[in-house]
Amino acid sequence: MKKEQKNKNDKTNVTTLPEHGPIDENGKEILLSVKNVDITFGKGDNAVKAVKNASFNIYKGETFSLVGESGSGKTTIGRAVIRVNPCADGEILYKGVRISGKIPRSLDREVIRNIQMVFQDPAASLNERATVDYIISEGLYNFDLFENEADRVRKVEKIIKEVGLLPEHLTRYPHEFSGGQRQRIGLARAMVMEPELVIADEPISALDVSIRAQVLNLMKKFQQERDTSYLFIAHDLSIVRFISDHIAVIYKGDIVEIADAEELFDFPLHPYTRSLISAIPIPDPLLEKNKQLYTYAPSIHDYSTEKPELCDIGNNHFVYGSPSEIAEYKKIREKGEPIKPVTILTTEEKARLDAQEPETGDVVNEAILNAPLHDTGSLWYTIGAFFLPIIGIIVGLIFKKHNHIRNFKACLKGALIGIGLLAAIVAIFLLMLWMAMM
C-alpha cells in the first residue's frame, strides 16, 4: 500500500495531466511552478549561465509578467516552459506534474496542447508558404481536435472573427497582412487550441501604439472568457502594470523582485526595479525633460561576504539581496510609505545639474565591460604554444596580465601538451640510450 502511494505521488511517473493543479495557502490554484531553475548554454570554459535559481508561481486565470532588459533571460525562461530550452538544474511543474527534463510522450503531447506561445516577431513566426487557414488549423490537425471538416472550418472561422479578422482572410498568405494583423493570426493560432497557459513573448513590442492596445484587449478578452493564464514577457513596465496580477523583475539571469502589480509600483525596493520604473516616459514633455533618472549600478552591492537570496519580506513581496540588504528592505516596507523612484527637478535645478555633469557622462564600471573584445581563446594560440612551449607560456602570461583569460588558457594548454610530449620523447631517448649501453 505504501509503495502504491509513493508511485502515485511521484511526479516523474505521471503520464497524463490532472484536471486541476495544487492549491496554495490562499486557496488559489497553482497552474505553473518554476522551482530553482538554472539554464546554461555551452560547456566548459564557454558555458554561460543565462538563468540562475529562478523560482515563481503562475496561478490559474491570472497574468504573470516577466520584465527586464534585453538579454536578461526572459525569453530563455519562456522557452524552457515549452520544453525548448533544457534546465541545467531545478524543475518546472505544470499542475503539480514535472514537465522539465525527460517525460513520457503522452505527457509531452498534453503539455504542447495545454501550453501555447505567441512570439515577438509576427513575420518570422508564421509560415510564409502556408495560407492563414492552414496556419491556424495545424494544431487542430496534429491533435485531432475536430470531429469532421465542417467542425474544423467552424472552429477556424470562429477564432478568426474573435481576433478581429474576416473569414475571407483565411485563403491569403502572411505577407499580405500588416504587422498587427499577423500578430492577430499568431494569437488565433494559439487560442484555437484552447490552451490553459499562453506564453506571450513581447507580443506587442513590434507593433504601433494603437495596435498594441487592440492586441492587449484581445488577450484580456480571451482571459475573461476562457480563464486563460498568461506568462507575459516584456521590457516595458508601463504596459505590464495594467494587465498583470504579479510581476517579476529579472536582471542578468537573476530574478531580483517579485510582487503584486500595484505593490511593485508602490514599493519598488530593489534598485534595478527603481531604475526600470524611472525610465518609463512621462506624457508631459516638460516633466519628462526635467525628470531625473534613477541609474542602477551593480557595484552598490557587496556580495563578497554575504550570499544574496530571493527572500519574502511580507505582503507577498520577494526581493533579492544579502541578509543586511533584506533587513533594510523590510524596514522600508514596514514604514508603509510609497517609494518615488522618479524625481522631477525644477528648471533651475535641472540647469545646475546639467552644468555639473561631465560631457562624456558616467560609465558604470562593470566586469563584463572590462572583458577584452578579442579574448576568443583561438585554436591557433594552442597550436603555436604546442610547437613553441616556452614562447607560448610567455605570451600566455602577457595575455593574463591584460585580462585575456581565454587566450591565456589556450596558450597554457598548448604549452603544457608540447612540454609533456617533449618530456616523453626525451625519456624514451634516454631509455633507449641506457639499453644500448647495457
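Which residues of S7 are buried on one side, and which on the other? Leu197, Ile199 and Asp201 are buried on one side, and Val198 and Ala200 on the other. Buried means under 20% relative accessible area, exposed means over 50%, and partly exposed lies in between (1.4 Å probe, protein chains only). The tour returns to this strand below.

**Before selecting anything**

This is a predicted model, in which local features need pLDDT of at least 70 and side-chain atom pairs count only at pLDDT 80 or more, while totals for chains, interfaces and linings use all residues. Residues are numbered from 1 along each chain as its sequence is written, and side-chain values use heavy atoms, with hydrogens and water left out.

**Stop 1: the whole chain**

Show the full cartoon. The chain has 17 helices and 14 strands. Helices (H or I, at least four residues) and strands (E, at least two) are DSSP runs, numbered from the N terminus. The radius of gyration is 28 Å, well over the 22 Å that the globule rule gives for 438 residues, so the chain is more spread out than a compact globule. That radius is taken over C-alpha atoms, and the rule is 2.2 Å times the number of residues to the power 0.38. Along the principal axes, the C-alpha atoms fill a box of roughly 95 × 70 × 60 Å.

Now switch on the surface. The accessible surface comes to about 24800 Å², and 56% of it belongs to carbon and sulfur atoms. Areas come from the Shrake-Rupley method with a 1.4 Å probe; for residues, only the protein chains shown count as cover. Buried residues make up 41% of the 438 in the chain.

Contacts come next (heavy atoms within 4.5 Å). Among those between residues at least 6 apart in sequence, 66% join residues at least 24 apart.

**Stop 2: the open sheet**

Select S2, S1, S4 and S5. These four strands form an open sheet in the order S2-S1-S4-S5, with antiparallel pairing. Strand S2 (48-59) and strand S5 (97-98) stand at the edges with a single partner strand each, so one side of each is left without a neighbour in the sheet. Two strands pair if DSSP finds at least two bridges between them.

Zoom in on S1 (residues 30-41) and S4 (residues 89-94). They pair in the antiparallel sense over five bridges. Ser33 has Leu93 in S4 as its bridge partner. Asp38 stands opposite Asp89 in S4.

Step on to S5. S4 and S5 pair in the antiparallel sense over two bridges. Tyr94 has Val97 in S5 as its bridge partner. The hairpin of S4 and S5 has two residues between the strands, and Lys95 there takes a positive phi near 55°.

**Stop 3: unusual backbone angles**

Most residues other than glycine have a negative phi. Select Asn53, in strand S2. Asn53 has a positive phi of about 55° although it is not a glycine. Its relative accessibility is 48%, so Asn53 counts as partly exposed.

Then jump to Asn403, in the loop between helix H16 (389-401) and H17. Asn403 also is not a glycine, yet its phi is positive, at about 70°. At 36% relative accessibility, Asn403 is partly exposed.

**Stop 4: strand S7 and its partners**

Select residues 197-201. This is S7, and five of its five residues are buried. In a regular strand the side chains alternate between the two faces of the sheet. Here both faces are covered.

Add strand S6 (residues 115-118), which pairs with S7 in the parallel sense over four bridges. Ile115 stands opposite Leu197 in S7. Then add strand S8 (residues 229-234), which pairs with S7 in the parallel sense over five bridges. In S8, Ser229 is the bridge partner of Leu197.

**Stop 5: three helix residues**

Pick Arg113 in helix H3 (residues 105-114). Leaving aside residues up to four places away in sequence, Arg113 touches Phe143, Leu145, Met193, Glu194 and Pro195. Arg113 and Asn142 are 29 residues apart in sequence and 9.6 Å apart in space, C-alpha to C-alpha.

Pick Ala351 in helix H13 (residues 347-356). Ala351 is partly exposed, with a relative accessible area of 46%. Measure across to Asn290: 61 residues apart in sequence, 9.1 Å C-alpha to C-alpha.

Finish at Lys409 in helix H17 (residues 405-437). Lys409 is partly exposed, at a relative accessible area of 39%. The C-alpha atoms of Lys409 and Gly396, 13 residues apart along the chain, are separated by 7.3 Å.
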